[in-house]
Amino acid sequence: MASLRGTQQPELSKKLYKIIKTENHVIGAHEAAARERVGVARQLSEWGEATEDETISEVSDKLGVLMAEIAEQEDLYAQALEDYRGVLKQIRNTESSVQPSRDHKAKISDEIAKLKYKEPQSTKIVQLEQELVRAEAQSLVAEAQLTNITRQKFKEAYDHHFAATIERAEKQIILAKHARRLLNLVDDTPVVPGDLHPPFAGTEEARQVLNDAEDDLRNYELHVEPIHSNSGNLGVGAMPGAPTGGIGAAPVQDTTQYRDNVGTVEDGRYAESSVQGTDAGSQPPYPVSEAERLEQQQATEQITQPQPTAFQHVA
């Protein structure tokens, strides 16, 4: 079915359709990797307990907790990629809406060329030339809309993408560094037959490592260079226009910025649009399908409550 939809895509939107489809597979791979990592974390904890070595059991259990949290960051990253993919769909929809305008203009041009070759004196040529002028005017508007939407949403989409990539990397680095601290609690001094390692004395220190990791994640803030945008005055029909609000409204600044806190929401959900100065409840200036419109409406109505970071034992 997916392949059939691909063949039905207008020529103009086929390449972006492939990107969006491939990104869906990428998202699935990240989600699968997160699930597998949680499974490995659980298995590590179970193995450590089965060794009957107090040190290995304690440290492997704490490592499993941190590895499970690393997996959670991977899953949140997959959610962020889905938001980025949704922005790309807006460009694809606009491309699809422009294709008929191009096809109509090309069809009229072909008809004129055929008539001039077969019936140079035909009165229909003048009629078609007038129709071509109108089609070219409509095409100019459609092409301008496509350019405006493409540039704005291209920047917005990859702002989401790379901000999410940075956040995932930095949070996983935090967790990995604390995991390495746990390894230093394992005394690997060789013993001779009959001797035993001293009892594990790092229980409190191991617990403190988890507390430190939890605090670091809770206090984490994403700091990235803002992505500047001049599309704040994009009006109805994706054309330059006056700022929303009519006469007396505050003027739009020459340069707006994508918010630099993209992806810092604690529950991992990313804002649908990170452009300052846009009205989230207004009708978007690009074509959307009915399914996407309902999805956006449900997302707007849904109220999410951020949850504090809390580690859970995987065993």
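**Helix packing in a predicted model**

Let me begin with Glu52, which sits in the loop that runs between helix H2, residues 14–50, and helix H3. I should say at once that this is a predicted model, and that everything I describe is computed from it. The phi angle of Glu52 is near 60 degrees, a positive value in a residue that is not glycine. For context, most residues other than glycine have a negative phi. As for its surroundings, Glu52 counts as exposed, with a relative accessibility of 76%.

Stepping back to the whole chain, the secondary structure comes to 6 helices and 2 strands, and their order along the sequence is α-α-α-α-α-β-β-α. The protein chain has 315 residues, of which 35% count as buried. If we take the contacts between residues at least 6 apart in sequence, 80% of them join residues that are at least 24 apart.

I would like to spend most of my time on helix H5, which covers residues 203–218. This helix has 16 residues and reaches 23 Å from its first C-alpha to its last, close to the 22 Å expected at 1.5 Å a residue. Which residues of H5 are buried? They are Ala206, Val209, Leu210, Ala213, Glu214 and Leu217. These residues lie on the same side of H5, because they cover an arc of only 130 degrees around the axis. What covers them includes helix H3, residues 54–118, and helix H4, residues 124–183.

The pairing of H3 with H5 can be described in some detail, since the two helices pack at an angle of about 10 degrees, with their axes 9 Å apart, and an angle under 35 degrees counts as roughly parallel. H3 is therefore roughly parallel to H5. On the H3 side, the contact is made by Glu58, Lys62, Val65, Leu66, Glu69 and Gln73, while H5 contributes Thr203, Ala206, Arg207, Leu210, Ala213 and Leu217.

That brings me to the nonpolar cores. In soluble globular proteins, nonpolar side chains tend to be buried together. Here the largest nonpolar core has 14 residues, and those touching the most other members are Val59, Leu63, Leu66, Leu175, Leu182 and Leu185. Helices H3, H4 and H5 each supply at least two residues of this core, and its largest share, 5 residues, comes from H5. Apart from this core lies another, of 13 residues, among them Ile27, Tyr84, Leu88 and Ala157.

Let me close with two individual positions, one in H3 and one in H4. Asn93 lies in helix H3 and, at 12% relative accessibility, counts as buried. Its C-alpha atom is separated by 7.8 Å from that of Ser13, although Asn93 and Ser13 are 80 residues apart along the chain.

The other position is Ile125, which lies in helix H4. Is Ile125 buried or exposed? With a relative accessible area of 6%, Ile125 is buried. Leaving aside residues up to four places away in sequence, Ile125 touches Leu115, Lys116, Glu119 and Pro120. Ile125 and Glu111 are 14 residues apart in sequence, and their C-alpha atoms are 8.6 Å apart in space.

Notes: Residues are numbered from 1 along each chain as its sequence is written. This is a predicted model: local features need pLDDT of at least 70, side-chain atom pairs count only at pLDDT 80 or more; totals for chains, interfaces and linings use all residues. Side-chain values use heavy atoms; hydrogens and water are left out. Helices (H or I, at least four residues) and strands (E, at least two) are DSSP runs, numbered from the N terminus. The expected span of a helix is 1.5 Å times one less than its number of residues. Buried means under 20% relative accessible area, exposed over 50%, partly exposed in between (1.4 Å probe, protein chains only). The arc is that of the directions from the helix axis to the C-beta atoms. Contact means heavy atoms within 4.5 Å. A nonpolar core is a set of buried Ala, Val, Leu, Ile, Met, Phe, Trp, Tyr and Cys residues joined through side-chain atoms within 4.5 Å. Axes are lines fitted to C-alpha atoms, for helices over the stretch in contact, and angles run from 0 to 180 degrees between N-to-C directions. Angles under 35 degrees count as roughly parallel, over 145 as roughly antiparallel, 65 to 115 as roughly perpendicular and the rest as oblique.
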